[in-house]
Amino acid sequence: MIPAPFEYHRPRSLDEAIGLLAQHGEDARVVAGGHSLIPMMKLRLAKPEHLVDLQDLDELRGIRSEPDAVIIGALATQHELIGSELLAAKHPIIRETALQIADPQVRYCGTLGGNVANGDPGNDMPAVMVALGATYRVKGRGGERDIAARDFYEGAYSTALREGDILVAVRIPMPADGHGYAYEKQKRKVGDYATAAAAVVLTMSGGACTSAAIALTNVADTPLFAKEAGEAVVGTAVDEAAISEAARRAQRIASPSADGRGPADFRTHVAGIMVRRALARAKERAG
Amino acid sequence: MSAEIESAQARTQKLEGLGTRRKRVEDARFTQGKGNYIDDLKLPGMLFGDFVRSPYGHARVKSINKEAALELPGVKAVLTADDLKPLKLHWMPTLAGDVQAVLADEKVLFQGQEVAFVVAEDRYIAADAVDLVEVEYEELPALVDPTKSMAADAPVLRDDLKDKTSGAHGPRKHHNHVFTWEVGDAEGTARAVRDAAVVAKERIVYQRVHPCPLETCGCVASMDKVNGHLTMWGTFQAPHAVRTVASLISGIPEHKIRIISPDIGGGFGNKVGVYPGYICSIVASIVLGVPVKWVEDRMENLQATAFARDYHMTGEIAATREGRITGLRCHVLADHGAFDTCADPTKYPGRVLQHLHRLLRHPGRARDGRRRLHQQGAGRRRIPLLVPGDGGVLFHRADDRRPGAQARSRPGRNPPPQPNPQRAVSLPIGAQRGIRQRRLSDCA
Amino acid sequence: MAKMHIALRVNNRQVETLAEPRMLLIHLLREELGITGPHIGCDTSHCGACTVDMNGKSVKSCTVFAAQAHGAEIITIEGLAGADGSLHPLQEAFREHHGLQCGFCTPGMITRAYRLLQENPNPSEAEIRHGIAGNLCRCTGYQTIVRAIRAAAERLNMPKEAAE
């Protein structure tokens with residue numbers, strides 16, 4: 001319940017933050033919303049000696065559009081994502097997902113950056129970003145670089161972030177108008193992590209699917225991009241046969257751990273159902 | 001838009017009779033954040049206690065090194081069983097006729113068991129000091145399945161009881177056996193089952209649950225050495241029992257002990273028992289001469305305080321083809337944990353079966369009903385169990401108003417109100433069979 | 001670790017204190033400032049008994065370091081009543097509709113409900129239930145809590161003259 005002691009820093013600029021991380025190396029961690037890190041610190045599973053609080057870095061806030069993309073600052077909270085009219089219009093899957101994360105209090109504090117960067121396989125936004133083909137803008141001592149969400153996740157709590165890096169923004173390509181979307185999440189109770197969840201983004205034209213991306217949450221130690229499952233519905237009417245094939249292909253790549261949410265084969269079974277439901281709803285919504 | 005808290009006089013004037021809606025007196029303070037729960041209490045000079053707990057379910061404690069913890073500024077004491085031994089306080093009596101370790105004495109018997117008590121100026125220092133206490137354990141095989149607890153080669157858990165052939169509730173037939181309690185007509189029931197046209201048999205596991213009140217357990221103990229008075233505030237559902245135990249083990253006479261139960265954040269049975277935290281706080285207060293507070297966190301509460309249920313049950317219902325029940329035979333295997341601290345207000349062990357037996361004993365039915373109930377407590381891996389007696393659903397209702405009436409189960413009909421409402425009993429067997437269920441209120 | 005100077009506004013009062021950076025906001029409130037309305041019910045940020053209103057948001061104060069709250073504006077249950085001592089409609093409604101039993105979840109629950117009704121002044125029952133999903137109660141089963149919040153919403157939405 002009581003964290004180990006640490007030194008606290010509250011930089012006023014991104015450069016100052018990056019400098020602090022460079023100075024303290026692996027002894028330093030950033031804190032944004034804190035609702036993943038601080039519970040770990042209270043259990044003493046995480047014991048950073050230096051905590052770098054990003055809350056004053058306004059340059060990491062905001063949700064704005066560019067001609068071909070939506071840019072979301074890493075410090076945008078789930079609450080802000082839910083309330084954003086821009087996102088509701090352009091990427092409604094984000095609001096749908098955010099509403100299924102944790103509870104109102106956690107959503108007030110939890111940030112998009114934290115949710116996608118800390119590598120927790122239970123987080124929901126990574127699969128959504130993978131399905132959307134998002135890229136993460138990362139800054140560190142060595143400068144700035146963009147990493148595709150689909151290339152970002154390496155293992156549980158292990159990502160392409162190098163020591164001293166800070167994720168500053170998420171860039172999501174502007175989607176097609178009238179795209180279909182859904183985030184289907186099975187959970188034991190409201191606010192729980194997923195037993196299994198599926199994110200689907202697709203486009204239809206003349207009754208046939210022209211593109212589809214499917215990604216899975218919490219059925220492996222990273223989010224899974226179900227590439228072949230997506231391919232199974234492209235060119236089809238997203239009918240029962242195509243949906244079944246997509247679900248089968250998604251289940252083949254799932255390898256969930258057995259835990260309080262159920263045995264592994266049960267969770268894989270649920271993953272298949274989530275894919276089915278998400279595809280059906282996405283198709284329904286596609287303009 | 002103001003709401004006055006009415007004066008006593010005004011309330012008396014407005015007093016109406018039965019059926020009037022009343023507001024609760026305590027809600028005035030609870031809705032304003034002015035409750036007085038244990039952790040709200042702050043006394044001058046008060047110190048904070050915290051436990052070092054075993055990560056193992058069964059292990060020998062080889063050594064405890066307190067040096068580093070004692071050197072941490074702000075740490076006032078680190079107590080172990082060795083410190084309590086000269087005062088004979090390292091074990092304490094339980095409400096079920098057993099004894100319970102206050103601090104692990106050579107052995108730990110469940111994960112989370114208290115091994116040492118650190119006392120410091122505040123809870124942050126205490127938490128750091130807990131991490132600095134070095135305990136050397138020799139891991140032993142843990143027993144986690146009560147159905148295996150009475151195998152011939154099952155590990156010996158309670159060294160202090162291993163040769164005892166009788167316990168508080170009767171003879172013991174194995175080193176992990178607590179008691180066997182039987183009620184009913186064994187022979188008659190066996191005959192009913194043997195002769196029945198239909199026998200329905202079911203094995204049901206009623207899993208362990210934890211009361212988990214939102215407020216965890218805690219206390220503040222304050223020994224006044226000048227007057228020889230001990231005052232204790234705590235999360236106590238049974239303050240008198242706490243006073244008795246405190247007096248028994250400390251030697252302070254009861255009239256010099258004052259136990260106060262202020263506001264409590266739920267209990268549900270979890271706060272009936274006397275926990276090591278209470279005893280260690282008393283000892284620490286006596287030794288250090290200042291008030292000592294102990295409040296556990298949620299994981300400690302879930303791991304180391306009283307749980308409920310954990311029954312492995314087999315039931316057989318003997319019946320005629322028309323569905324008239326002629327006999328009921330139940331065997332319940334209950335995991336009572338490492339120390340039997342079961343809190344049975346009536347002092348009947350195996351209360352679930354006591355209720356069942358009483359339920360089926362109607363005047364009109366006595367000739368027909370035979371039942372044999374057998375509860376066997378075993379498996380001493382974890383701490384306390386509470387036997388249920390509270391709430392539940394009635395699985396069978398007998399029409400007992402006509403002399404000579406035979407018991408019937410009447411699915412689908414709404415039975416008329418009974419002259420003697422029975423105490424409701426928890427019986428999942430009925431739930432499984434879809435037999436009509438109703439909850440009757442307790443008339444007592 | 002050396003203590004830091006923390007200054008913040010709590011229930012409309014400017015306060016300052018010294019605290020270790022690791023001190024949790026809930027402990028700062030309860031231990032340093034004597035504000036014992038918010039409670040601790042868990043270790044894992046689930047139960048919401050510690051909920052306060054921080055900078056216009058419902059926040060679980062057990063999951064915030066006091067250091068992060070430097071400069072913040074905080075309202076707790078103790079700050080919901082009017083300056084003249086009159087109770088907030090939520091406090092009245094919880095009393096009227098028995099929205100509590102042991103009272104331990106109540107400060108966090110009412111503080112959360114306060115912000116919920118700011119976000120959504122006329123919530124449906126389903127919206128209330130989702131809106132308090134971060135606050136656990138072990139006693140009531142939530143029915144009376146939902147009723148109380150609904151009643152408070154109605155009271156708050158009444159035109160001012162009718163309310164007086």
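This passage describes the chains of a predicted model and selected local features within them.

Chain A contains 12 helices and 14 strands. The radius of gyration of chain A is 19 Å, close to the 19 Å that the globule rule gives for 287 residues, so chain A is as compact as a globular protein of that length. Taken along the principal axes, the C-alpha atoms of chain A fill a box of roughly 60 × 45 × 35 Å. Of the 287 residues in this chain, 57% are buried. When contacts in chain A are restricted to residues at least 6 apart in sequence, 63% of them join residues at least 24 apart. The exposed area of chain A is about 11,500 Å², of which carbon and sulfur atoms supply 47%.

The largest nonpolar core comprises 42 residues, and the members that touch the most other members are Ile94(A), Met125(A) and Met129(A). Helix H8 of chain A, residues 125-132, provides the largest share of this core, with 7 residues. In soluble globular proteins, nonpolar side chains tend to be buried together. With neighbours within four places in sequence left aside, the contacts of Met129(A) are Ile94(A), Leu112(A), Val116(A), Ala134(A), Tyr136(A), Ala149(A), Val170(A) and Ile172(A). Ile94(A) therefore appears both among the residues that touch the most other core members and among the contacts of Met129(A).

A polar site in chain A was examined at Thr203(A), which lies in strand S12, residues 196-205. Thr203(A) has a relative accessible area of 15%, and because this value is under the 20% cut-off, the residue counts as buried. The side chain of Thr203(A) takes part in a polar contact of 2.7 Å with the side chain of Thr210(A). A polar contact of 2.6 Å also links the side chain of Thr203(A) to that of Ser211(A). Not counting residues up to four places away in sequence, Thr203(A) touches Ala176(A), His179(A), Ala208(A), Cys209(A), Thr210(A) and Ser211(A). Both partners in these polar contacts, Thr210(A) and Ser211(A), are thus included in the list of touching residues.

Chain B has 11 helices and 20 strands. Of its 444 residues, 54% are buried. For contacts in chain B between residues at least 6 apart in sequence, the share that joins residues at least 24 apart is 78%. Chain B exposes about 20,000 Å², and 51% of this area is supplied by carbon and sulfur atoms.

Within chain B, strand S13 spans residues 218-224; 6 of its 7 residues are buried, so the strand is largely enclosed by the rest of the structure. S13(B) pairs with two strands described here. With strand S16 of chain B, residues 292-295, S13(B) forms an antiparallel pair over 4 bridges. In this pairing, Gly218(B) has Val295(B) as its bridge partner in S16(B). S13(B) also runs antiparallel to strand S14 of chain B, residues 229-234, to which it is joined by 6 bridges. Here the bridge partner of Ala221(B) is Met232(B) in S14(B). S13(B) and S14(B) form a hairpin with 4 residues between the strands, and Gly228(B) in this hairpin takes a positive phi near 70°.

Chain C has 6 helices and 5 strands. Its radius of gyration is 16 Å, close to the 15 Å given by the globule rule for 164 residues, so chain C is as compact as a globular protein of that length. From the N terminus on, the order of elements in chain C is β-β-α-β-β-β-α-α-α-α-α. The C-alpha trace of this chain spans about 55 × 35 × 25 Å along its principal axes. Buried residues account for 59% of the 164 residues of chain C. Of the contacts in chain C with a separation of 6 or more, 56% involve residues 24 or more positions apart. Chain C exposes about 6,100 Å², with carbon and sulfur atoms supplying 48%.

A hairpin was also identified in chain C. Strand S3, residues 51-54, and strand S4, residues 57-60, pair in the antiparallel sense over 4 bridges. Met54(C) stands opposite Lys57(C) of S4(C). The hairpin of S3(C) and S4(C) has 2 residues between the strands, and Asn55(C) in the turn has a positive phi of about 50°.

Note on methods: Residues numbered from 1 in each chain as written. Chains lettered and ligands numbered in written order. Predicted model: local features only at pLDDT ≥ 70, side-chain atom pairs only at ≥ 80, totals over all residues. Heavy atoms only, no water. Core = buried A, V, L, I, M, F, W, Y, C linked by side-chain atoms within 4.5 Å. Buried < 20%, exposed > 50% of the residue type's maximum accessible area, 1.4 Å probe, protein only. Contact = heavy atoms within 4.5 Å. Areas by Shrake-Rupley, 256 points an atom, 1.4 Å probe, with all protein chains shown as cover. Pairing = 2+ DSSP bridges. Polar contact = N/O pair within 3.5 Å; in protein donor to acceptor, adjacent residues only side chain to side chain. Rg over C-alpha atoms; globule rule 2.2 N^0.38 Å.
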